[in-house]
Each structure stands twice: as structure tokens, then as C-alpha cells.
Amino acid sequence: MTTKLNVYQKVNKVMSELSYLKKTSQVGSGNYGYTALSHDHVTSSIQPLMVKYGLVAETSMIDEAFLKYEVKTRKGDIQDRYDVKCAASVTIVNADEPSERFTVKASAQGFDPQDKASGKAYSMAVKYCLLKLFMVASGDDEESRVEEAKAVTNINDELKIELTKLLKANGKFTPQFVSIINSMDYDSLITKIEENKQ
């Protein structure tokens with residue numbers, strides 16, 4: 001008599017065959033560049049093992065927050081930017097016993113100058129669901145990168161407040177500056193602050 005595997009035993013089988021994925025995608029450049037695991041790399045690595053052990057993934061977007069704003073490009077043009085935060089749920093189903101199922105959830109954020117922000121956020125959230133479900137390591141210290149990003153964000157936020165105060169004090173602040181200031185990086189914020197202190 002053959003013993004059938006339950007949904008958790010099947011997940012454990014996938015985990016036993018896939019414990020590490022190398023980051024192969026380059027995101028950004030310079031000080032802001034890093035390597036990442038793409039959604040396609042994750043799903044193409046996990047999907048054959050799910051098929052092998054009879055697991056099905058039902059995915060859905062369960063929450064979404066959408067923000068559209070304008071930014072000034074380096075060429076001086078004004079462009080739309082889209083910022084989408086969403087949560088995704090992935091329900092893992094035992095194909096041999098469909099009543100055996102459980103759901104995992106994750107959230108993510110996507111930015112894009114066109115209409116791809118929702119797709120980016122959704123794909124990333126699904127990717128994180130799968131990576132955390134199957135406990136797949138990627139070799140990087142994710143937490144330290146997040147802390148570095150938070151530090152840069154906090155510095156930029158403080159500089160944006162200082163620049164806004166300086167512009168208001170000099171009678172140069174207008175509502176259009178809000179989107180422009182929000183799009184600036186550290187170097188350009190420092191430059192503007194120095195210009196407005198003179």
C-alpha cells in the first residue's frame with residue numbers, strides 16, 4: 001500500500017530539493033544598485049518541483065493602494081510616476097487531495113513611470129510568498145540592506161523638510177515644489193539647500 005503525502009509533506013519535499021537560489025538580476029546602478037532574485041527566476045525554479053510533488057498555487061491580489069504623482073526628470077521634463085503597494089495571497093493546494101490547502105501572504109511595493117507598478121508590486125509579493133514558504137535562501141543579508149535604505153530615506157526626509165523651510169523663508173516655495181522635492185536624491189537636495197542658504 002502506497003502512503004499518500006499530505007500537503008505539508010509535499011512542501012517539505014520541495015524544500016529538501018531547493019534550499020538556495022542565486023541572485024542574478026541587477027537592479028539600479030552605482031550606490032543604489034544591488035542584485036536581486038527576479039520573479040521569473042523564483043517561479044521557474046520552484047514550479048517544476050511543485051509539479052513533481054503535486055502542488056498547485058492559487059494566487060490573488062488581496063489589497064492595493066495606488067498613488068500617482070509628478071516628478072521632474074534630469075532633462076527638466078515633468079513625468080508621471082506610479083507607486084503601488086499591494087498584498088498577495090498564495091494558496092498552496094494538494095493536487096491529490098484538493099481539500100488540503102493553506103494560504104501564505106506577503107506585501108510589496110512597485111514604482112514605475114508608466115503602467116507597470118501594479119504588476120511589479122504583485123509579482124514581488126507573490127515571489128516573497130514563495131521564497132518564505134519554501135524557506136529559500138538567496139545569500140544576501142536582506143535586513144542590512146533594508147536598514148541602509150531606511151537610513152538614506154530618513155536623511156532624505158530630513159533634507160526635504162529643511163529645503164521646504166528654506167524655500168518658504170525666502171518666499172520661493174510654491175505647491176509645484178512638493179513633487180519636485182519628493183523626486184530629489186541626496187546630492188541634489190544638498191545642492192538646493194546650499195543654493196537657498198546664500
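User: How many residues does the chain have, and what percentage of them count as buried?

Analyst: The model is a predicted one. Its chain has 198 residues, and 31% of these count as buried. The accessible surface of the chain is about 12700 Å², with carbon and sulfur atoms contributing 52% of that area.

User: Which order do the helices and strands follow along the sequence?

Analyst: The chain contains six helices and five strands. From the start of the sequence onward, the pattern is α-β-β-α-β-β-β-α-α-α-α.

User: What percentage of the contacts between residues at least 6 apart in sequence join residues at least 24 apart?

Analyst: Of the contacts in the chain that link residues at least 6 apart, 63% are between residues at least 24 apart.

User: How should the packing of two helices be read, and what are the values for α2 and α3?

Analyst: A pair of packed helices is described by two quantities, the angle between the axes and the distance between them. Here, helix α2 covers residues 39–53 and helix α3 covers residues 117–133; their axes come within 9 Å and cross at roughly 40°. An angle under 35 degrees would count as roughly parallel, and 65 to 115 as roughly perpendicular; α2 and α3 are therefore oblique to each other. The crossing of α2 past α3 is left-handed.

User: Which residues make this contact?

Analyst: On the α2 side, H39, V42, T43 and I46 take part, and on the α3 side, S123, V126, K127, L130 and L131. By class, the residues of this contact comprise five nonpolar, three polar and one charged.

User: What is notable about the phi of M135?

Analyst: The general expectation is that most residues other than glycine have a negative phi. M135 is not a glycine, yet its phi is positive, at about 55°. This residue lies in the loop between α3 and α4, the latter being residues 142–169.

User: Is M135 buried or exposed?

Analyst: The cut-off for exposed is over 50% relative accessible area. M135 has a relative accessible area of 56%, so M135 is exposed.

User: Is K10 buried or exposed?

Analyst: The cut-off for buried is under 20% relative accessible area. K10 has a relative accessible area of 2%, so K10 is buried. Its place in the chain is helix α1, residues 7–17.

User: Which residues is K10 in contact with, leaving aside its neighbours within four places in sequence?

Analyst: With those neighbours set aside, K10 is in contact with L5, Y53, G54, L55, N94, A95 and D96. Y53 also belongs to the range given for helix α2, residues 39–53.

How values were computed
Residues are numbered from 1 along each chain as its sequence is written. This is a predicted model: local features need pLDDT of at least 70, side-chain atom pairs count only at pLDDT 80 or more; totals for chains, interfaces and linings use all residues. Side-chain values use heavy atoms; hydrogens and water are left out. Helices (H or I, at least four residues) and strands (E, at least two) are DSSP runs, numbered from the N terminus. Buried means under 20% relative accessible area, exposed over 50%, partly exposed in between (1.4 Å probe, protein chains only). Contact means heavy atoms within 4.5 Å. Accessible areas come from the Shrake-Rupley method with a 1.4 Å probe; for residues, only the protein chains shown count as cover. Axes are lines fitted to C-alpha atoms, for helices over the stretch in contact, and angles run from 0 to 180 degrees between N-to-C directions. Angles under 35 degrees count as roughly parallel, over 145 as roughly antiparallel, 65 to 115 as roughly perpendicular and the rest as oblique. A crossing is left-handed if the near helix is turned anticlockwise from the far one by less than a right angle, and right-handed if clockwise. Ala, Val, Leu, Ile, Met, Phe, Trp, Tyr, Cys and Pro count as nonpolar, Asp, Glu, Lys and Arg as charged, and the others, Gly among them, as polar.
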